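Open the model in your viewer and keep the sequence panel beside it. We will go from stop to stop, selecting a few residues each time.

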Amino acid sequence: MELLQDIKRIWKIALLVTLFGGFFLIYFSYNPSENSFFIPCPFHYITGFFCPGCGSQRAVHLLLHGDVVGAFRFNPLMVLTLPILIYGMAITIANWIFETKYRLMLFYSNLFIFGYFGLAILYWILRNLPIYPFNLLAPAG
(Lines give C-alpha, C1' and ligand atoms only; values in the text may rest on other atoms or scores of the structure.)
Protein backbone atom coordinates (compact mmCIF):
# COMPACT_ATOMS: atom_id res chain seq x y z
CA MET A 1 0.00 0.00 0.00
CA GLU A 2 2.82 2.40 0.85
CA LEU A 3 4.51 1.62 -2.48
CA LEU A 4 1.35 2.78 -4.26
CA GLN A 5 1.39 6.03 -2.30
CA ASP A 6 5.05 6.58 -3.18
CA ILE A 7 4.34 5.98 -6.87
CA LYS A 8 1.39 8.37 -6.68
CA ARG A 9 3.63 11.03 -5.10
CA ILE A 10 6.26 10.55 -7.79
CA TRP A 11 3.63 11.03 -10.51
CA LYS A 12 2.34 14.17 -8.81
CA ILE A 13 5.85 15.57 -8.56
CA ALA A 14 6.56 14.66 -12.18
CA LEU A 15 3.36 16.40 -13.27
CA LEU A 16 4.26 19.55 -11.32
CA VAL A 17 7.84 19.58 -12.63
CA THR A 18 6.53 19.25 -16.17
CA LEU A 19 3.90 22.00 -15.79
CA PHE A 20 6.09 24.48 -13.91
CA GLY A 21 9.12 23.61 -16.03
CA GLY A 22 7.12 24.30 -19.18
CA PHE A 23 5.84 27.57 -17.75
CA PHE A 24 9.33 28.71 -16.76
CA LEU A 25 10.86 27.59 -20.06
CA ILE A 26 8.27 29.49 -22.11
CA TYR A 27 8.46 32.67 -20.02
CA PHE A 28 12.25 32.52 -19.86
CA SER A 29 12.72 31.87 -23.57
CA TYR A 30 10.09 34.16 -25.05
CA ASN A 31 9.57 37.82 -24.25
CA PRO A 32 5.82 38.59 -24.11
CA SER A 33 6.57 42.05 -25.54
CA GLU A 34 7.99 40.49 -28.69
CA ASN A 35 5.81 37.40 -29.21
CA SER A 36 2.17 37.45 -30.22
CA PHE A 37 1.17 34.04 -28.83
CA PHE A 38 0.85 35.43 -25.30
CA ILE A 39 -2.69 36.37 -24.32
CA PRO A 40 -3.21 40.14 -24.13
CA CYS A 41 -5.24 41.68 -21.34
CA PRO A 42 -8.91 41.67 -22.41
CA PHE A 43 -9.74 44.56 -20.05
CA HIS A 44 -7.02 46.75 -21.58
CA TYR A 45 -7.99 45.67 -25.08
CA ILE A 46 -11.65 46.66 -24.55
CA THR A 47 -11.28 49.78 -22.38
CA GLY A 48 -7.76 51.08 -22.96
CA PHE A 49 -7.23 51.16 -19.18
CA PHE A 50 -4.74 49.02 -17.29
CA CYS A 51 -6.01 46.36 -14.88
CA PRO A 52 -4.06 45.34 -11.75
CA GLY A 53 -2.56 42.43 -13.69
CA CYS A 54 -1.41 44.33 -16.77
CA GLY A 55 2.31 43.88 -17.28
CA SER A 56 2.50 40.68 -15.23
CA GLN A 57 3.59 38.46 -18.11
CA ARG A 58 6.42 40.82 -19.02
CA ALA A 59 7.32 41.16 -15.33
CA VAL A 60 7.55 37.36 -14.98
CA HIS A 61 9.84 37.23 -18.01
CA LEU A 62 12.09 39.89 -16.49
CA LEU A 63 12.09 38.21 -13.06
CA LEU A 64 13.22 34.94 -14.62
CA HIS A 65 16.13 36.88 -16.12
CA GLY A 66 16.94 38.44 -12.73
CA ASP A 67 15.72 41.95 -13.56
CA VAL A 68 13.69 42.77 -10.44
CA VAL A 69 13.71 46.53 -11.10
CA GLY A 70 12.44 46.06 -14.66
CA ALA A 71 9.75 43.68 -13.44
CA PHE A 72 8.75 46.19 -10.76
CA ARG A 73 8.28 48.84 -13.45
CA PHE A 74 5.82 46.62 -15.31
CA ASN A 75 3.77 45.51 -12.29
CA PRO A 76 4.91 46.44 -8.77
CA LEU A 77 1.85 44.88 -7.11
CA MET A 78 2.58 41.49 -8.66
CA VAL A 79 6.28 41.65 -7.79
CA LEU A 80 5.54 42.55 -4.17
CA THR A 81 2.82 39.90 -3.89
CA LEU A 82 4.84 37.11 -5.49
CA PRO A 83 6.70 35.89 -2.36
CA ILE A 84 3.50 35.32 -0.40
CA LEU A 85 1.83 33.70 -3.42
CA ILE A 86 4.78 31.35 -3.90
CA TYR A 87 4.71 30.44 -0.21
CA GLY A 88 0.96 29.80 -0.32
CA MET A 89 1.30 27.76 -3.49
CA ALA A 90 4.13 25.72 -1.95
CA ILE A 91 1.92 24.85 1.03
CA THR A 92 -0.95 23.88 -1.30
CA ILE A 93 1.32 21.72 -3.45
CA ALA A 94 2.86 20.04 -0.40
CA ASN A 95 -0.65 19.31 0.91
CA TRP A 96 -1.61 17.80 -2.46
CA ILE A 97 1.51 15.64 -2.71
CA PHE A 98 1.70 14.47 0.91
CA GLU A 99 -2.07 14.52 1.56
CA THR A 100 -1.78 16.87 4.53
CA LYS A 101 -3.95 19.81 5.54
CA TYR A 102 -1.58 22.63 6.51
CA ARG A 103 -2.93 26.12 5.95
CA LEU A 104 -1.51 29.60 5.70
CA MET A 105 -3.82 31.32 8.15
CA LEU A 106 -3.11 34.71 6.58
CA PHE A 107 -5.29 33.69 3.62
CA TYR A 108 -8.19 33.10 6.02
CA SER A 109 -7.94 36.50 7.69
CA ASN A 110 -10.73 38.92 6.73
CA LEU A 111 -8.39 41.82 7.39
CA PHE A 112 -5.83 40.44 4.92
CA ILE A 113 -8.41 39.55 2.26
CA PHE A 114 -10.27 42.87 2.33
CA GLY A 115 -7.03 44.81 2.79
CA TYR A 116 -5.38 43.13 -0.18
CA PHE A 117 -8.39 43.62 -2.46
CA GLY A 118 -8.65 47.23 -1.31
CA LEU A 119 -4.98 47.69 -2.16
CA ALA A 120 -5.51 46.08 -5.58
CA ILE A 121 -8.42 48.41 -6.34
CA LEU A 122 -6.41 51.44 -5.21
CA TYR A 123 -3.49 50.27 -7.38
CA TRP A 124 -5.89 49.78 -10.30
CA ILE A 125 -7.13 53.36 -10.00
CA LEU A 126 -3.71 54.93 -9.41
CA ARG A 127 -1.95 53.23 -12.30
CA ASN A 128 -4.48 54.73 -14.72
CA LEU A 129 -3.96 58.32 -13.54
CA PRO A 130 -2.10 60.36 -16.17
CA ILE A 131 0.07 62.18 -13.59
CA TYR A 132 3.55 61.56 -12.25
CA PRO A 133 4.51 59.15 -10.60
CA PHE A 134 1.47 57.01 -11.35
CA ASN A 135 1.92 57.15 -15.11
CA LEU A 136 5.20 55.30 -14.55
CA LEU A 137 3.21 52.30 -13.31
CA ALA A 138 1.41 51.92 -16.63
CA PRO A 139 3.14 49.33 -18.83
CA ALA A 140 3.83 50.49 -22.36
CA GLY A 141 2.10 48.57 -25.10
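Which helix does T81 lie in? Select T81 and you will find it in helix 5, which covers residues 76-98. Helices here are DSSP runs of H or I with at least four residues, numbered from the N terminus.

Before going further, a word on what is on screen: this is a predicted model, in which local features need pLDDT of at least 70 and side-chain atom pairs count only at pLDDT 80 or more, while totals for chains, interfaces and linings use all residues. Residues are numbered from 1 along each chain as its sequence is written, and side-chain values use heavy atoms, with hydrogens and water left out.

**Stop 1: T81 and its partner**

Stay on T81 and turn on a surface. T81 is buried, with a relative accessible area of 9%; buried means under 20%, exposed means over 50%, and partly exposed is in between, using a 1.4 Å probe and protein chains only. Now add Y116 to the selection. The side chains of T81 and Y116 are joined by a polar contact of 3.1 Å. A polar contact is a pair of N or O atoms within 3.5 Å; within protein, one must be able to donate a hydrogen and the other to accept it, and residues adjacent in sequence count only if both atoms are side-chain atoms.

**Stop 2: helix 5 against helix 6**

Next, colour helix 5 and helix 6 (110-126). Two packed helices are described by the angle between their axes and the distance between the axes. Helix 5 and helix 6 pack at about 160°, with their axes 11 Å apart. The axes are lines fitted to C-alpha atoms, for helices over the stretch in contact, and angles run from 0 to 180 degrees between N-to-C directions. Helix 5 and helix 6 are therefore roughly antiparallel to each other. On that scale, angles under 35 degrees count as roughly parallel, over 145 as roughly antiparallel, 65 to 115 as roughly perpendicular, and the rest as oblique.

To see who makes the contact, show sticks for P76, L77, T81 and I84 of helix 5, then for F112, Y116, L119, A120 and Y123 of helix 6. Contact means heavy atoms within 4.5 Å. Both T81 and Y116 from the previous stop appear in this list.

**Stop 3: helix 5 against helix 3**

Keep helix 5 and bring in helix 3 (residues 56-64). How do the axes of helix 3 and helix 5 cross? They come within 10 Å and cross at roughly 60°. Helix 3 and helix 5 are therefore oblique to each other. The residues to select here are S56, A59, V60 and L63 on helix 3, and M78, V79 and L82 on helix 5.

**Stop 4: the end of helix 5 and the loop after it**

Move along to N95, still in helix 5. N95 is buried, at a relative accessible area of 15%. Leaving out residues up to four places away in sequence, N95 touches T100, K101 and Y102. Select T100, which sits in the loop between helix 5 and helix 6 and is partly exposed at 28% relative accessibility. The side chains of T100 and N95 share a polar contact of 2.6 Å.

In that loop, also click on E99. E99 has a positive phi of about 55° although it is not a glycine, and it is partly exposed, with a relative accessible area of 48%.

Then go to R103 in the loop between helix 5 and helix 6. Is R103 buried or exposed? R103 is exposed, with a relative accessible area of 52%. Beyond its neighbours within four places in sequence, R103 is in contact with I91 and Y108. With Y108 there is a side-chain to side-chain polar contact, at 2.6 Å.

**Stop 5: a pair of cysteines**

Finally, select C41 and C54. Why is there no bond between them? The sulfur of C41 is 3.5 Å from the closest cysteine sulfur, in C54, which is too far for a bond. A disulfide is a pair of cysteine sulfur atoms within 2.5 Å, and by this rule the count comes to zero. With the surface back on, C41 is partly exposed at 21% relative accessible area, whereas C54 is buried at 6%.

Conventions. Helix = DSSP H or I, 4+ residues; strand = E, 2+ residues; numbered from the N terminus.
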